[in-house]
Amino acid sequence: MALINLTPHQVVVRLADGGDVIFSPSGRVARCAVSQETVGEANGIPIVRSVFGAVEGLPEAQDGTIYIVSSLVAQAVAGREDVVAPDTGPTAVRDEGGRIVAVTRFQKF
């Protein structure tokens, strides 16, 4: 099975044996189009509403290929069996500063 990273970041998966599998960015990024409108302000700081649109940069499904995308993109194409996102919830591996250094699994929506 080919796993292709369509995020702009390296994705590190920590395996049960403690080893890491690293998925480098493929150079192609799947994103949701976004538009924003100003809806107010708080203490002089603008507040905007983001409206997400169509997914861009996600190839058509190919047999034997899984695409790693952001959670936002995965949610936008919920039900597509060839799309996963890193599970950054409670099972993620974090450093002493709380930053995610690896995930232990992928998720679907």
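Here is a walk through this structure, from the overall fold down to a few single residues and the empty spaces between them.

Keep in mind that this is a predicted model. The protein has 109 residues, and 26% of them count as buried. Its C-alpha trace spans about 50 × 40 × 25 Å along the principal axes. As for secondary structure, you'll find 1 helix and 10 strands. Reading from the N terminus, the elements go β-β-β-β-β-β-α-β-β-β-β. If you take the contacts with a separation of 6 or more, 34% of them involve residues 24 or more positions apart.

Let's start with the sheet. Four strands make up an open sheet in the order 1-6-7-10, and the pairing is mixed. Which strands stand at the edges? Those are strand 1 (2-5) and strand 10 (106-107); each has a single partner strand, so one side of each has no neighbour in the sheet. Strand 6 and strand 7 pair in the parallel sense, over 2 bridges. One bridge to look for here runs from Tyr67 to Val83 in strand 7.

Thr65 is a handy spot to pause. This residue belongs to strand 6, which covers residues 65-68. Is Thr65 buried or exposed? With a relative accessible area of 10%, Thr65 is buried, because the cut-off for buried is under 20%. Setting aside neighbours within four places in sequence, Thr65 is in contact with Met1, Ala2, Ile4 and Asp82.

Now for the hairpin. Strand 4 (residues 31-42) and strand 5 (residues 45-56) run antiparallel and are joined by 10 bridges. Among the bridge partners, Glu41 goes with Pro46 in strand 5. The two strands form a hairpin with 2 residues between them. Asn43 sits in that loop between strand 4 and strand 5. Its phi is near 55 degrees, which is a positive value in a residue other than glycine. Asn43 counts as exposed, because its relative accessibility is 82% and the cut-off for exposed is over 50%.

Further along the hairpin, in strand 5, is Phe52. How accessible is Phe52? At 46% relative accessibility, Phe52 counts as partly exposed. Beyond its neighbours within four places in sequence, Phe52 is in contact with Cys32, Ala33, Val34 and Leu72. For a sense of distance, Phe52 and Val21 are 31 residues apart in sequence and 31 Å apart in space, C-alpha to C-alpha.

Cys32 takes us inside. Leaving out residues up to four places away in sequence, Cys32 touches Phe52, Gly53, Ala54, Val55, Leu72, Val73 and Ala76. Cys32 is also part of the largest nonpolar core, which has 11 residues in all. The other members are Leu6, Ala30, Leu58, Tyr67, Val69, Val73, Ala74, Val77, Val83 and Ala85. Helix 1 (71-76) and strand 7 (83-86) are the elements that give two or more residues to this core. Apart from this core lies another one of 7 residues, including Val11, Ile66, Val84 and Val103. As background, nonpolar side chains in soluble globular proteins tend to be buried together.

What about the space that's left over? Rolling a probe the size of a water molecule over the atoms shows where it is. The largest pocket has a volume of about 270 Å³. It is lined by 18 residues, and the closest to its centre are Thr7, His9, Gln10, Val11 and Pro86. Val11 therefore turns up twice on this tour, in the 7-residue core and in the pocket lining. By class, the pocket lining has 12 nonpolar, 5 polar and 1 charged residues. Strand 2 (11-14) and strand 9 (100-102) each supply at least two lining residues, and strand 9 gives the most, with 3 residues.

Finally, there is the closed-off space. The structure holds 1 cavity of 30 Å³ or more, and about 30 Å³ of space lies in the largest cavity. Which residues line it? They are Ala74, Val77, Ala78, Gly79, Arg80, Val83, Lys108 and Phe109. By class, that comes to 5 nonpolar, 1 polar and 2 charged residues. Ala74, Val77 and Val83 in this lining also belong to the largest nonpolar core.

How values were computed. Residues are numbered from 1 along each chain as its sequence is written. This is a predicted model: local features need pLDDT of at least 70, side-chain atom pairs count only at pLDDT 80 or more; totals for chains, interfaces and linings use all residues. Side-chain values use heavy atoms; hydrogens and water are left out. Buried means under 20% relative accessible area, exposed over 50%, partly exposed in between (1.4 Å probe, protein chains only). Contact means heavy atoms within 4.5 Å. On a 1 Å grid over the protein atoms alone, a cavity is a set of points where a 1.4 Å probe fits but cannot get out, and a pocket is an open set with protein on both sides within 12 Å along at least five of seven lines; lining residues have an atom within 4 Å of a point. Grid points are joined across faces, edges and corners, and a volume is the space filled by probe spheres set on the points. Ala, Val, Leu, Ile, Met, Phe, Trp, Tyr, Cys and Pro count as nonpolar, Asp, Glu, Lys and Arg as charged, and the others, Gly among them, as polar. A nonpolar core is a set of buried Ala, Val, Leu, Ile, Met, Phe, Trp, Tyr and Cys residues joined through side-chain atoms within 4.5 Å. Two strands pair if DSSP finds at least two bridges between them.
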